[in-house]
Amino acid sequence: MRYTLQNNESKTQSLKDELFVNNSYLFLVKIRFENNLHVIQKTASEFEYYRLPALAVQTLIENAIKHNEISKRKPLTVRIETTNNSSLKVTNNMQERSTPEQSNGTGLSNLSRQYKFLSGKDISISKTELEFCVELPLLKPE
């Protein structure tokens, strides 16, 4: 909450700050899901000062949790990694809930609009039977 209030004026944050806040969020989420939620983070240090919309990573983690079953029988794995084309890729294995959560797609459409406004770029969304992936362009530091 403090992060959101302190950074309310800025439309973007550094990848380093976003991942720090995301790790705090994940600490709380892992209390709920214990060892049934695995997050693998592989980001290159060369991108730590590149920028992205505030709370973009948390939005994608929330999306993965909302739409997938997470249990001992079906643990969820989320991968957060930078790519060679200066983007951040967040991927999770697909294991849709037997009773799907209501969704109007607000989280992903808001991220898309933010990127179009900030940079003229768009996010990339792909879905297969095995995984769901969102790729966020990282914005060069000013």
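## A tour from strand S5 to the helices

Start by selecting strand S5 (residues 87–93): six of its seven residues are buried, so this strand is largely enclosed by the rest of the structure. Buried here means under 20% relative accessible area, with exposed over 50% and partly exposed in between (1.4 Å probe, protein chains only). Strands (E, at least two residues) and helices (H or I, at least four) are DSSP runs, numbered from the N terminus.

Before moving on, a word about what is on your screen: this is a predicted model, in which local features need pLDDT of at least 70, side-chain atom pairs count only at pLDDT 80 or more, and totals for chains, interfaces and linings use all residues. Residues are numbered from 1 along each chain as its sequence is written, and side-chain values use heavy atoms, leaving out hydrogens and water.

**The neighbours of S5**

Keep S5 selected and add strand S4 (residues 76–82), which runs antiparallel to S5 and is joined to it by five bridges. Two strands count as paired if DSSP finds at least two bridges between them. Label threonine 82 and you will find its bridge partner in S5, leucine 88. Four residues lie between the strands of this hairpin, and serine 86 takes a positive phi near 60°.

Now add strand S7 (residues 131–137), which pairs with S5 over seven bridges, also in the antiparallel sense. A good pair to label is asparagine 92 with its bridge partner in S7, phenylalanine 132.

**On to the helices**

Next, show helix H2 (residues 15–33) with H3; they pack at an angle of about 25°, their axes 9 Å apart. That angle makes H2 roughly parallel to H3. Axes are lines fitted to C-alpha atoms, for helices over the stretch in contact, and angles run from 0 to 180 degrees between N-to-C directions. Under 35 degrees counts as roughly parallel, over 145 as roughly antiparallel, 65 to 115 as roughly perpendicular and the rest as oblique.

Show side chains where the two helices meet (contact means heavy atoms within 4.5 Å): H2 brings residues including Tyr25 and Phe33, and H3 brings residues including Ile61 and Ile65.

Finally, select H3 (residues 56–67) and helix H4 (residues 106–119), whose axes come within 10 Å and cross at roughly 155°. That makes H3 roughly antiparallel to H4. Which residues of H3 meet H4? Look for Ala56, Thr59, Leu60 and Asn63, which meet Gly107, Leu108 and Leu111 in H4.
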